[in-house]
Amino acid sequence: MCLFQEDSQDSHLPLLQFQHITDFHHGTSVHALAWSPKTNVQHLPYSFQFCTAGDDKKLRYYVSDGRNSSTVTLLEGHLSYINDCVVEPVSGLEVASVSDDHTCRLWDLETGTQKTCIPLSSAGVSVKWHLREPNKLMVAQKNGLVRFYDLVSQQPIMSLSTEQLPLISADWCSTNDLKVGAVARDDWLIWDMSKSSLPEATEQAHPDGVCKFRWSNVHENLFATTGRPGNHINVYHMEHHKMPVSCQMPVGGGLSWHPSLPVCASGGGDKVHLWFLEV
């Protein structure tokens, strides 16, 4: 658990305080992790709820109070590696996942069973729900297609495309539901869905290949990418045409943003590295 100075409004506190709560022994490498909106660390009793994608082609849904009570629900059905997963952001009752088996699957967390299997034309690399659009699902495919599905009809309702291949990672902007970002080959790409199905902006991100793209949760022009050579992280501010962070990590890891502060986090070795950005 982390407490930032901005959370407390007390300028006398350290910039960051953190407390180690508990360990979860996964048993296999983790490819993706997604928090549930049911997670609560504001008051007792605490509840930690999240989904992981392991390299054994299975999803695990954890529910824990951080002390004595902990349960794990195993979600099985994918036939190849799972590249991404996301928990439905309103009720927290469903998980969506995409895999190299050319499917996007939806799972019911109350029953631990598969609800829907959507066939894809290529390996699924990213999947995203949007808080303001809970009946739609964004699915990005390795062949350069980013599709939006109506979850009632399970049919695609919009597609975005890129000429760069392969598409590696994509994200749906939480502060502007008309913006989508992605990384493909060496470049980052930004779409404005109100204007075109083709990217409105693109630029080289990492000369030897890209890994991840993540939007900030507080500003629509702030995003981060990871890629090679080495394990490099870049943070971009489109409005100011600046790159406030460009850093090489000893070991590559995940990439995420604080839900309400301009704080970017990335794993590297046995540490989590944090960058505080000025918006």
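These legends accompany four close-up views of a predicted model.

**View 1. An edge-to-face pair formed by F24 and F50****.** Let's start with two phenylalanines whose ring centres lie 5.1 Å apart. Their planes meet at 80°, and because an angle over 60 degrees counts as edge-to-face, the pair falls into that class. F24 belongs to the loop between β2 (16-18) and β3 (30-35), while F50 belongs to strand β4 (residues 48-54). The two residues are 26 apart along the chain, so this contact links distant parts of it. F24 has 29% relative accessibility and is therefore partly exposed, whereas F50, at 6%, is buried.

**View 2. A cluster of aromatic rings****.** Here you can find W188, F213, W215, F223 and Y236, joined into a cluster by ring pairs. If you enjoy hunting for aromatic pairs, the model holds 13 of them.

**View 3. A lysine over a tyrosine ring****.** Look for K57, whose charged end sits over the ring of Y81. The distance from that charged end to the ring centre is 6.0 Å.

**View 4. An open sheet of three strands****.** Follow the strands in the order β23-β24-β25, with antiparallel pairing. β23 (255-257) and β25 (271-276) are the edge strands; each has a single partner, so one side of each lacks a neighbour in the sheet. From one strand to the next, the twist averages 25°. Six bridges connect strand β24 (residues 263-268) with β25 in the antiparallel sense. As a landmark for this view, try G268, which stands opposite K271 in β25.

Conventions:
Residues numbered from 1 in each chain as written. Predicted model: local features only at pLDDT ≥ 70, side-chain atom pairs only at ≥ 80, totals over all residues. Heavy atoms only, no water. Phe/Tyr/Trp six-rings, centres within 6.5 Å; stacked < 30°, edge-to-face > 60°. Helix = DSSP H or I, 4+ residues; strand = E, 2+ residues; numbered from the N terminus. Buried < 20%, exposed > 50% of the residue type's maximum accessible area, 1.4 Å probe, protein only. Lys NZ or Arg CZ within 6 Å of the ring centre and 35° of its normal. Pairing = 2+ DSSP bridges. Axes fitted to C-alpha atoms, helices over the stretch in contact; angles between N-to-C directions.
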